[in-house]
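The following exercises concern a single protein chain. Please work through each task before reading its solution.

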Amino acid sequence: RMKKARLQGESLRSISRSLGLSQYAVTTYLRGVKPEKSYIESVWKEAESVAIEYLEKKGFSEIVDLNLICPTSYFDILAKMGNDRWLIDVTINERKDTVSKMFRMIAGYRCAILYISHDLSSFRLVELKDVTS
């Protein structure tokens, strides 16, 4: 069960919690076991499509999938809520490098990261803010 979960992209922490094992035991047992790239890519693509549905339900409009314009964009979605324009990065990666995103923020836009669980059941929209300006 542990190995299958890891191959399907589940994090070591999540495996530890769901099986009631110490993180040390899980890390030791799964040393060298990496998630299958094709599985992760398929979940990631699916996450981006459910992200649009999620954002529509939360009141966002004028949603644009930036990956259709430029597949190497720093943000995945351009959207509007009220008078605010948003740039949103969609990820299933719990260890997303938020520091690099902070340097890609654009004046006049609210920037956020939308974390989606691997099973696509939970969502968390986290706004990136520069508190020094």
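**Exercise 1. Overall composition**

What percentage of the 133 residues of the protein chain count as buried? State also the order of the elements along the chain.

Solution. The model is predicted: local features require pLDDT of at least 70, side-chain atom pairs count only at pLDDT 80 or more, and totals for chains, interfaces and linings use all residues. Residues are numbered from 1 along each chain as its sequence is written, and side-chain values use heavy atoms, with hydrogens and water left out.

Step 1. Buried means under 20% relative accessible area, exposed over 50%, and partly exposed in between (1.4 Å probe, protein chains only). By this criterion, 30% of the 133 residues are buried.

Step 2. Helices (H or I, at least four residues) and strands (E, at least two) are DSSP runs numbered from the N terminus. The chain holds five helices and five strands, in the order α-α-α-α-β-β-β-α-β-β from the N terminus.

Step 3. The C-alpha atoms fill a box of roughly 50 × 30 × 25 Å along the principal axes.

**Exercise 2. The sheet**

Determine the strand order of the sheet and identify its edges.

Solution. Step 1. Two strands pair if DSSP finds at least two bridges between them. The open sheet of five strands has the order E1-E2-E3-E4-E5, with mixed pairing.

Step 2. E1 and E5 are the edge strands; each has a single partner strand, so one side of each lacks a neighbour in the sheet. Direction ignored, neighbouring strands are turned by 25° against each other on average (axes are lines fitted to C-alpha atoms, for helices over the stretch in contact, and angles run from 0 to 180 degrees between N-to-C directions).

Step 3. E2 (residues 77-81) and E3 (residues 84-91) run antiparallel and are joined by five bridges; Leu78 has Leu87 in E3 as its bridge partner. E4 and E5 are likewise antiparallel, over six bridges, and Tyr115 is bridged to Arg124 in E5.

**Exercise 3. Positive phi angles**

Which backbone angle sets Leu120 and Glu62 apart as residues other than glycine, and is each residue buried or exposed?

Solution. Step 1. Most residues other than glycine have a negative phi.

Step 2. Leu120 has a positive phi near 60°. It lies in the turn of the hairpin formed by E4 and E5, which has six residues between the strands. Leu120 is buried, with a relative accessible area of 18%.

Step 3. Glu62, in strand E1, has a positive phi of about 50°. Glu62 is exposed, at a relative accessible area of 57%.

**Exercise 4. The surroundings of Ile63**

Describe the contacts of Ile63 beyond its neighbours within four places in sequence.

Solution. Step 1. Ile63 belongs to strand E1 (residues 61-65) and is partly exposed, with a relative accessible area of 23%.

Step 2. Contact means heavy atoms within 4.5 Å. With those sequence neighbours left aside, Ile63 touches Ile52, Leu55, Glu56, Ile77, Leu78 and Ala79.

Step 3. Ile63 and Lys80 are 17 residues apart in sequence, with their C-alpha atoms 6.9 Å apart in space.
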